[in-house]
Each structure stands twice: as structure tokens, then as C-alpha cells.
Amino acid sequence: MKIKQKTVSDIRNLIIGEASSIRDDQKISELFKCFLKDARTRHVYVLDAEDVIVGSVRLSDLVELMAPYINFLKDEMFNRFMSKFIQKEVSEIMLKDFLSLQESSSISEMIDTMVDNKVNELPVVDDHKRVIGEVNFLELVKYFSDNEHLLEKK
């Protein structure tokens with residue numbers, strides 16, 4: 001199979017239909033809802049008022065932010081922390097240094113980016129940095145699974 005000739009657009013919608021996103025001025029309480037909306041969500045992409053991607057929040061980063069408070073605060077103190085935390089804007093905790101791909105990006109580029117940065121999903125953006133989808137490594141696995149005949153030696 002000529003995987004190097006395949007692009008992100010060839011596999012983009014095999015598993016993930018729509019990328020999870022939130023506005024940068026929305027509250028963290030709304031961010032929680034984004035993660036809960038689809039149990040497969042591991043990234044929520046942060047958009048400005050013009051729908052341009054300006055950051056992302058990884059579920060693992062959210063866990064790292066909250067874990068010390070969960071582990072070391074008494075219930076009452078933790079509840080106070082959480083009531084203040086969920087009222088903060090998403091822009092206060094988002095990663096501003098985020099990765100993205102375009103539909104024309106090669107599968108090889110996608111894999112290299114994922115491996116180099118230890119992520120398994122990336123937003124797909126257009127020329128104006130607007131999120132048009134998401135690609136997940138599982139989509140590549142699904143592509144191979146659905147096309148096993150292409151892998152057989154002739």
C-alpha cells in the first residue's frame with residue numbers, strides 16, 4: 001500500500017465526526033461538559049470569536065491541574081477550590097502552543113507529529129486556522145482494518 005501518498009483527508013472522518021471545541025471566554029464548567037459529551041474526547045480545541053483556533057485543553061492536562069487539589073485538600077477546601085476553578089475562563093488554562101494539521105498533510109507527517117509529541121489526535125485546520133475536524137490515530141487503524149486486502153502481498 002502506498003501510505004505515503006495518503007493524506008489526512010483520506011482518513012479524517014472514519015471515527016471522529018466533529019472535533020470538540022469551546023470559546024476562549026467560556027467557563028471551565030462548560031469545558032467539563034465538552035469532555036463529558038463524548039467519552040472519546042481527549043482534546044477540546046479553543047476558538048476565538050472568529051472561530052480561529054487559539055489553543056487546546058487536553059484531558060490529561062486538566063487531570064494534572066486538579067490532581068494536587070483532590071489529593072491534598074480536605075473536602076471543604078477542595079469544594080471551595082472547585083467552585084472558583086470552574087468559574088475561570090478556558091483561556092486561563094488552555095495550551096497556547098498547540099499542534100495542528102491540514103487536510104493535505106500526509107499520513108506520514110501526521111504519524112511523525114503524533115509520535116514526536118506523544119499525542120494521538122490533532123485538530124485539522126483550514127488555511128484560516130479554523131478547525132474543520134480532528135484526526136485520531138485510531139482512524140488510521142480503522143483504515144488499515146477496513147482495507148486489509150491492500151496490505152496483502154501479491
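Reader: What makes S4 and strand S5 (residues 131–136) a pair?

Author: In this predicted model, five bridges join S4 to S5, and the two strands run antiparallel. Two strands pair if DSSP finds at least two bridges between them, and five bridges join these two; therefore S4 and S5 count as paired. Within this pairing, Pro-123 stands opposite Glu-134 in S5. The hairpin of S4 and S5 has five residues between the strands, and Lys-129 takes a positive phi near 65° there.

Reader: Why is strand S4 (residues 121–125) described as mostly covered?

Author: Five of the five residues of S4 are buried. Buried means under 20% relative accessible area, so the description of S4 as mostly covered rests on that cut-off.

Reader: How do you know whether Glu-139 is buried or exposed?

Author: The relative accessible area of Glu-139 is 0%. Buried means under 20%, so Glu-139 is buried. Glu-139 has its place in helix H6 (residues 137–146).

Reader: What makes the approach of Glu-139 to the backbone nitrogen of Asn-136 a polar contact?

Author: A polar atom of the Glu-139 side chain lies 2.7 Å from the backbone nitrogen of Asn-136. A polar contact is a pair of N or O atoms within 3.5 Å, one able to donate a hydrogen and the other to accept it; the distance of 2.7 Å satisfies the distance cut-off.

Reader: Which strands are the edge strands of the open sheet of three strands, and why?

Author: The order of the sheet is S1-S2-S3, with mixed pairing. Strand S1 (21–23) and strand S3 (53–58) are the edge strands, each pairing on one side only. The twist averages 30° from one strand to the next.

Reader: What makes the pairing in this sheet mixed?

Author: S1 and strand S2 (residues 43–47) pair in the parallel sense over three bridges, whereas S2 and S3 run antiparallel and are joined by five bridges. Arg-23 stands opposite Leu-47 in S2, and Tyr-45 stands opposite Ser-56 in S3. S2 and S3 form a hairpin with five residues between them, in which Asp-51 in the turn has a positive phi of about 65°.

Reader: How do the residues lining the largest pocket divide by character?

Author: The lining comprises three nonpolar, four polar and five charged residues. Asp, Glu, Lys and Arg count as charged; among the lining residues are Glu-18, Lys-37, Asp-38, Arg-40 and Glu-134, so these belong to the charged group. The volume of this pocket is about 280 Å³.

Definitions and conventions. Residues are numbered from 1 along each chain as its sequence is written. This is a predicted model: local features need pLDDT of at least 70, side-chain atom pairs count only at pLDDT 80 or more; totals for chains, interfaces and linings use all residues. Side-chain values use heavy atoms; hydrogens and water are left out. On a 1 Å grid over the protein atoms alone, a cavity is a set of points where a 1.4 Å probe fits but cannot get out, and a pocket is an open set with protein on both sides within 12 Å along at least five of seven lines; lining residues have an atom within 4 Å of a point. Grid points are joined across faces, edges and corners, and a volume is the space filled by probe spheres set on the points. Helices (H or I, at least four residues) and strands (E, at least two) are DSSP runs, numbered from the N terminus. Axes are lines fitted to C-alpha atoms, for helices over the stretch in contact, and angles run from 0 to 180 degrees between N-to-C directions. Buried means under 20% relative accessible area, exposed over 50%, partly exposed in between (1.4 Å probe, protein chains only).
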